[in-house]
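This briefing sets out the domain layout, the sheets and the contacts of the structure shown below. Points are grouped by topic.

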Amino acid sequence: MTGIDHRLALERLLASDHAAPNPIDDIEALLKAHHPDYREGSLVSLAVGANRGSECPTALAASLQSNARIEDADLAGAPVVDTEVLIIGGGGAGCAAALTAAEAGGRVILATKLRIGDSNTVMAEGGIQAAVGEDDSIQRHFEDTLRAGHGCADRRLVACLASSAPDSIRWLIDRGMRFDLAEGGAIGGKLLRKKPGGATRARILSFKDYTGLEMMRVLREAVELDERIRLWNRCPLVELLSDEAGHCVGAVLYDLALHRFVLVRASCVILATGGVGRLHLNDFPTSNHYGATADGLVLAYRIGAALRELDSFQYHPTGIAWPSFRLGGLISEAARSAGAHLLNGLGERFVDELAARDVVSAAILRECAEGRGIEREGMVGVFLDIPELERRQPGTLAQRLISLGHLARQCGIDPSREPMMVRPTLHYQNGGVVIDENGTTSVPGLYCTGELSGGIHGRNRMMGNALQEIITFGRRAGLHAARSASRHPAPKVGLFHLQGWRRQLVAAGMPLDRFGPDLFPRYANFDFGDELALRGGKRTTYAPKRARRVE
Amino acid sequence: MTHRPVLLAPTAAVGADLDAWLQNGGAEGLRHALAAPERIIPALAHAGLRGMGGAGFPTHRKWSSVAGQSAGDKYVLCNGNEDEPGTFKDRHLLSASPHQVIEGALIAAVAVDANHVLLYVNPHQHEALKSTRSAIEQWRASGLLAPIERRLGLRLALDVVESSGRYIGGEETAVIATIEGGFPFPRRKPPYPAESGVHGRPTLINNVETLANVTHILRHGADWYRALGIGGACGTKLYSLSGDVLEPGLFELPMGTSLRELVFTHGGGMLGPLAFKAVFTGGPSNTLLTADDLDVALDFDAVAQRGSRLGTGAMIVISAGTSIVRKVAEYVDFFAAGSCGQCTPCKTGTYQLSRLLRRIDTGVGVQADLRALESLCALLPGSGRCGLVDGAVTVVRSSMQQFREEYEHQLIG
C-alpha cells in the first residue's frame, strides 16, 4: 500500500477548505468492499468443535483449532490447590466477579496473566451506559442496544444489561468510584450524562476521559484489600481441567515467577480473559492490551463451549498510524464528537466523521486502498485534523481531550500544530462464548464474562456498553458461581477433554503440531524457560523433570 | 485378518425385541440344551469357555459343582454390575442384545436345575436396565419357559435385580448379600457360592459375557467355538478399548489376538504424535503391560505368563504424555472410595496408598513416602476378605516395577 507523501499532504491540508464530504450513496457496498469483516478470503469455516461449520477469521480459527500445550505428564509433580471459585483475568469483569463471589461467601482465587488491572478496562475512555436520566428509561437502553447490534443480540442478555445498569452504577459509587457531575459540588449532585452514538437519550456516565482507569482503581483497591480473595499475579491460564463427564473442574496455571505449573481444583471457573486483538486478525494493528490473545476463548472452545458471532469484530476508525511504536493506539471517539475532521492526502473530507464506526473505518480503508492515503515512513493513514479543531474551538484540547494530548506527546507530536495520522485498529470482539444471564456456558462449571462472552452486543457494540457489561455480568457470574459452588472438589480431575478434542482434530485432518493458545503475542519473546515452549512439535517423548522444592 | 463377530453380530443386536431374536436363530441353543441336558456341561468343557468377568475360571467347573449339589432351590445369577474403570462390554450386551444373555442364563438353569434366574444389573446403566426389563417381560409372556418348568417340576422365577451400583457390589459374595436384601458386603470364602449362596442355597454366578457365549456354543457346537480362537485359545473376547487411541470402542476379536493388532489395527493407532507407553489391562485390578508386551497374545494364559491378567478385557491405553503416578493415584482413589470398610487393612490401607501417591504426584513427596508405599505393598495383600485391597496393591506394585524412574523423578528429597 502506498500513499501521498506526508510533506505534500500537509501542504494540501493547509490549503484545504474543509468542505463537507459527499454523502455515501451505498453504505452496504462500501462495507462489503472495504470493511475487514467482509474481506474476501479472510474467513474460514471451523472444522472441529461446537461451532463446526461456522465461519471465523483465519488467524482466530488457527488458534481455536490448535492442540493443547500440555500433556498430563507435564503436570507431574505440580502442586494442587483447592478453591470454590477460580476467576481468570484481572480486568474489570474478573474483579467484579471476585468481589461479588467473596461477598457471597465463596472461597475465591483471582489469577491474572500479568498484574491485576493490566487490561483493556483501564483504556476505556468514553464512559459507561446506564439509563439514569429522568427522560431516559430501561426500555430505551434495551432498544438502543438491540438496534445498534443489528438485532442480532440475545434479548434476554440485553434486557438483563439494561435493567441492571443503574444498580451497577450504585455499586460502583458505593465502592468509591467518582463520576463527573452535572450540577452540585464535590459531595452530592446529579450525574453528568452524555449521548453515545446511536442512542436516543444521553446515557453515558463518565469520569473525565479516563472512566475505565477510575473504575479499575476502585476495583483493584477493593480486591487487594479483600482478605477473602487470594490474588495470584503472573499466573497465566494454560488449560482448563475437566472430569470424566466433561465438566469444567478447575484450571492449570503457569506460575511465571516459580516456573512451574499449578493445578487449581475449583467447583466453578469464571473466565474473564478479554478479547482477541493481539492475534492481529487480518494483519490489523490493535488498540488492545498486551494480554488480549484470545486464550480464554480458545480454551473455552476446546472444553466444549459454544461460541457466537465469531466473524464480527469492531475496528475503531481512529487508531494511530504513525509512528510505528504506537501503531494501533487508540484516539478516543471524543475527538471526532468534539468536531475534528478526517482528511485524505488530497486535503478532502471523505466521510461524515460521526457516522457509525464500521462505516468510518471502511471509508478510511477505502481512501488508503485507492491511493489517497498519506504515507509517512512506510505507514499509511489519513489525517485527524486537531489543529483546525483547536483554531475553530480554542481550548478544546486542554479541556476535553486530555488523554489525546498525552498520546500525541508520546508520538512526538504537538497536537495543536500537527495533525495525527490515523487508520482503523482492531478494537473489540463483538461475539464470544454463548452465556446466559448468570454467565454460565454450555459446559457445566464454566462461566464466562466480559469481552470474552457473546450475545450482548450483537454484531456491533455501542459506546459505553462494554464497561456496563463487565460490571453487570461480572457480578452476576460471581454471585451465581459462589452460590452453586460445592465445598468438595471433584474426585477425578484431569485433562479428560483433550482426548476427544484430539480425536476431532485427527478426524478433520487438522495438524496436531499447532499449539495454543498464545499466552502472549508471538512477538513478545517471552521467556518461559523450556516448559511451555516445548510444545513446538520437537519433543515427542516424555522426559520428566526433577520437581522443584516447594517454597 | 477378518473374522465374524458373534456376540456383536448384527443379527444379535435386536435390542429387547424377542420376535426378532427368535427369527434370527434365537432359542435354538435353549432347544438343544433341553433336548440333551446332560451334554451341556461337557460341551462347555470342550469349548474351553472361561469366565469373562475377570477371573478366567473355567466355566464348566463352576457349573458342575452347582449341578452336583442336592436338589431344591438353586439360583443362577447373571452378574451385570460392571463398574470398573475402562470396562463397558456388559452394559452394551444388555442394552443391545439382552436375549442372548437371558437365553444363556436359562441354559444354565437347565444344566444345573436352578429354579431362580436373576439378572443383576447396575442401575446407573439406564439403557441396560430398561432393555433387560423389557426383554424379561417378553420371555415370561412367550411360553418358552414352560419346557424348562416341566423339566424342573418347579416354577421358574426369572427376574431383574438392581445392584447397589457400587464397584464392590460386583464381587460374587456381595452379589449374594445384595440379593438377600443386605448391604453389598463381601464375606470370606469358603464356603463358595456353589455350595452356599443365596439364602444358603447352591448358586451359580456368571458374568454377562460368559452367559452370552453359552447361547452360541449350544447353538453352533463346541468345535465351532474352539475354532474361533487363535492358537490354543478358544472363542472370541470383547475388548473395551479406551485411552489415548484414535478410535476407542468395543471390539469383539478372536481370543489370542495380539495387543499390537488391537491397538494399532482396530483402535486406529495412537492419538496424535505421542508414543505408546503402557496399557492398564482388565480394569485397574490388574497390572500394566508396556511396549515390550505389544506382541503378547490377548488370552488368559499368555497374559498371565507376562505376570498380568486379561481380566474383563478392558484395555486402557496411555501415551507418553500421561503421568504414571497420577494415573495410578486415580485408580487407587477409586479403590479407596470403593472399599466397603469391613476390613481395616483395606479401609485404611487404600486410603494410605492414595495419600502417598498424591503426595508424590503433587510434588511434595520424599524418599520416605516411596519406602512407605513399598512396605504397604508388601503388607496389605491378602488382608481383606475380598480381593479389593489386593487389586489396589497390584496396580501400585506393577507401576513401581515398570516405571520406577518416574516415581523417583517426582520426589523432592
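Two strands are taken to pair if DSSP finds at least two bridges between them. On that basis, strands E15, E21 and E23 of chain A form an open sheet in the order E15-E21-E23, with mixed pairing. The model is predicted, and the points below cover this sheet of chain A, a four-stranded parallel sheet of chain B, the assigned domains, and the contact of chain A with chain B.

**Three-stranded sheet of chain A**

- Strand E15 (307–308) and strand E23 (453–454) of chain A stand at the edges; each has a single partner strand, so one side of each is left without a neighbour in the sheet.
- Strand E21 (residues 432–434) of chain A pairs with E23(A) in the parallel sense, over two bridges.
- Within E23(A), Gly454(A) is the residue that stands opposite Val434(A).

**Domains of chain A**

- The domain assignment of chain A gives two domains, each made of two segments: domain 1 covers 4–34 + 322–426, and domain 2 covers 72–312 + 430–484.
- A distance of 31 Å separates the C-alpha centres of domain 1 of chain A and domain 2 of chain A.
- In the contact between them, 14 residues of domain 1 of chain A meet 18 residues of domain 2 of chain A.
- On the side of domain 1 of chain A that touches domain 2 of chain A, helix H13 (402–410) and strand E20 (420–429) of chain A are the elements that give two or more residues.
- By class, that side of domain 1 of chain A has seven nonpolar, five polar and two charged residues.

**Helix H14 of chain A**

- Helix H14 (residues 465–484) of chain A has 20 residues, which at 1.5 Å a residue should span 28 Å; the end C-alpha atoms are 28 Å apart, in agreement with this.
- Because 17 of its 20 residues are buried, H14(A) is largely enclosed by the rest of the structure.

**Four-stranded sheet of chain B**

- The strands of this open sheet of chain B follow the order E3-E2-E1-E4, and the pairing is parallel.
- Strand E3 (157–162) and strand E4 (203–207) of chain B are the edge strands; each has a single partner strand, so one side of each lacks a neighbour in the sheet.
- On average, and with direction ignored, neighbouring strands of this sheet are turned by 20° against each other.
- Strand E1 (residues 75–80) of chain B runs parallel to strand E2 (residues 116–121) of chain B, and six bridges join them.
- Cys78(B) has Leu119(B) of E2(B) opposite it.
- Helix H7 (residues 126–142) of chain B lies across E1, E2 and E3 of chain B, and runs at about 170° to E3(B).
- Helix H10 (residues 208–220) of chain B also packs on the sheet, where it touches E1 and E4 of chain B; its direction makes about 95° with that of E4(B).

**Domains of chain B**

- The domain assignment of chain B gives domain 1 (18–227), domain 2 (230–319) and domain 3 (324–409).
- The C-alpha centres of domain 1 of chain B and domain 3 of chain B are 34 Å apart.
- Ten residues from domain 1 of chain B and eight residues from domain 3 of chain B take part in the contact.
- The side of domain 1 of chain B that touches domain 3 of chain B has six nonpolar, no polar and four charged residues.

**Contact of chain A with chain B**

- Between the chains, 24 residues of chain A are in contact with 24 residues of chain B.
- Helix H15 (residues 496–507) of chain A gives the largest share of the chain A side, with four residues.
- By class, the side of chain A that touches chain B comprises 13 nonpolar, four polar and seven charged residues.

Key
Residues are numbered from 1 along each chain as its sequence is written. Chains are lettered from A and ligands numbered from 1 in the order in which they are written. This is a predicted model: local features need pLDDT of at least 70, side-chain atom pairs count only at pLDDT 80 or more; totals for chains, interfaces and linings use all residues. Domain bounds come from an automatic or database domain assignment. Two residues are in contact if their C-beta atoms, placed from the backbone, lie within 7 Å. Ala, Val, Leu, Ile, Met, Phe, Trp, Tyr, Cys and Pro count as nonpolar, Asp, Glu, Lys and Arg as charged, and the others, Gly among them, as polar. Axes are lines fitted to C-alpha atoms, for helices over the stretch in contact, and angles run from 0 to 180 degrees between N-to-C directions. The expected span of a helix is 1.5 Å times one less than its number of residues. A residue is buried if 20 or more other C-beta atoms lie within 10 Å of its own, exposed if 12 or fewer, and partly exposed in between; C-beta atoms are placed from the backbone.
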